[in-house]
Every structure is written in C-alpha cells, then in structure tokens.
Amino acid sequence: DIEWWAQALMAPIIGIIASCWAFKTNCEPGFHCLRGPPLILLCCFVWVLHVVVHLAVLNFMVPKFSKPPPEEDPAAVETFQTLSARTPCSWFTSNPIHCLRSKHFYSHSPPCSKFHLGKEFIMRPNTAIGCFFDESAVLLSPKARKA
C-alpha cells in the first residue's frame, strides 16, 4: 500500500542523515575519532544499519499496531456524486484555480463555487461539471435532521 512504500522510501534518505551524523561527530569530545577509509566505512555501516532497522520496523512492528481491514468496504456503493452532494469540500471546490477556470475560461453557468468554511450556502450546484453540493438538499435530508 502507498503509505508503506512512502515510509520505505524514506529509509535511505534518513539513513543519509544518520550517516552524516556519524561523520560530523567524528573527533568530537566523547565520540569516535577515525580518519580515511575507516571513517567512510563507518558512515556506510551506519547507513546500512539504519535502512535495515527502518525496514525491519516497518515489516514487523508496524503491522502489530494497525487496525485490521474491514470485512466489507463501507463506501463500496458510494459514488462521487452521492458523496459530493452532501460534502461541500472536494478537490474541485477547494481549488481556486479550478473555480476561476470554470468561470472565466469555460464560462460554466453556474461556475464551480469556491468552498469557504461557513459559507456553504453560497455554493450552487452544477451537475454538468461535477459540482453536486446543494445546501438546501442537505438541510432537508432525514439524515441531517437527526443530527
């Protein structure tokens, strides 16, 4: 999954930081004092050690603390249209460039409304361009009345 790969790809990068730390602490009071190839080998060893420990933690420790996947996907039948009809903020409505392009370049009527927290009542739906949120429909829904 993408989160695991993102963390795994950080291992060599953070290993470089650990290697730099080993280099910078060389001959500092209370630390090692190496010169030439042994110092280079130490830096390489620190890098390899960090990458191995980082990946081991990702493979063996992290799964022990993760939640098991649900038996059934709760959003399997959810479409973008049904979700965005009740959720005002989406990639389209939170992107000011998309909203400006909708108004000035494509001349949509009504254009994609920019989402501002607390100003959802200003937003107008336009199903032709994928803007489905309508506050009046959300306020009238039985689910919203129970909340």
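This is a short tour of the structure, one selection at a time. Keep in mind that the model is predicted.

**Stop 1: helix α1**

Start by selecting residues 2-24, which make up helix α1. Does the length of this helix agree with what its 23 residues should span? What is the expected span, and how far apart are the end C-alpha atoms? At 1.5 Å a residue the helix should span 33 Å, and its end C-alpha atoms are 34 Å apart, so the two values agree.

Now zoom in on A11, where α1 has a kink of about 30°. The proline P12 comes shortly after the kink.

Next, colour A8, A11, G15, A18, S19 and A22, which are buried residues of α1. In general, an α-helix has 3.6 residues a turn, so residues three or four places apart point the same way. To see part of what covers the buried residues of α1, show α2 (37-65) as well.

**Stop 2: the loop after α1**

Select C27, found in the loop between α1 and α2. C27 is not a glycine, yet its phi is positive, near 65°. Most residues other than glycine have a negative phi. With a relative accessibility of 32%, C27 is partly exposed.

**Stop 3: F80 and the aromatic cluster**

Move on to F80, in helix α3. F80 is partly exposed, at 38% relative accessible area. If you would like a sense of scale, draw a line from F80 to I13: the two are 67 residues apart in sequence, and their C-alpha atoms are 37 Å apart in space.

Which residues does F80 touch, leaving aside those up to four places away in sequence? They are S90, F92, G130 and F132. Now add W91 to the selection: F80, W91, F92 and F132 form one aromatic cluster.

**Stop 4: two aromatic pairs**

The structure holds six aromatic pairs. For one of them, show the side chains of W91 and F92: the ring centres are 5.3 Å apart and the planes stand at 90°, so this pair is edge-to-face. W91 is exposed, with 54% relative accessible area, while F92 is partly exposed at 29%.

Then go to F105 and Y106, which form an edge-to-face pair with 4.9 Å between centres and 85° between planes. F105 is exposed, at 61% relative accessible area, and Y106 is partly exposed, at 48%.

**Stop 5: the loop between α5 and α6**

Select S107, in the loop between α5 and α6. S107 has a positive phi of about 55°, though it is not a glycine. With 53% relative accessibility, S107 counts as exposed.

Stay in this loop and pick P110, which lies between α5 (96-105) and α6 (135-140). What kind of peptide bond joins S109 and P110? The bond is cis, with omega about -10°. Most peptide bonds are trans.

**Stop 6: the cavity**

Finish with a cavity view. How many cavities of 30 Å³ or more does a search of the whole structure find? The search finds one. The largest cavity has a volume of about 100 Å³. Its lining has 15 residues, and S90, T93, C131, F132 and F133 are the closest to its centre. Show α3 (80-86) and α4 (91-94) too, since each supplies at least two residues of the lining.

Note on methods
Residues numbered from 1 in each chain as written. Predicted model: local features only at pLDDT ≥ 70, side-chain atom pairs only at ≥ 80, totals over all residues. Heavy atoms only, no water. Phe/Tyr/Trp six-rings, centres within 6.5 Å; stacked < 30°, edge-to-face > 60°. Buried < 20%, exposed > 50% of the residue type's maximum accessible area, 1.4 Å probe, protein only. Helix = DSSP H or I, 4+ residues; strand = E, 2+ residues; numbered from the N terminus. Expected span 1.5 Å × (residues − 1). Bend = angle between axes of the 7 residues up to and from the residue. Contact = heavy atoms within 4.5 Å. 1 Å grid on protein atoms, 1.4 Å probe; cavity = no way out; pocket = protein on both sides within 12 Å on 5 of 7 lines; lining within 4 Å. Points joined across faces, edges and corners; volume = space filled by probe spheres on them.
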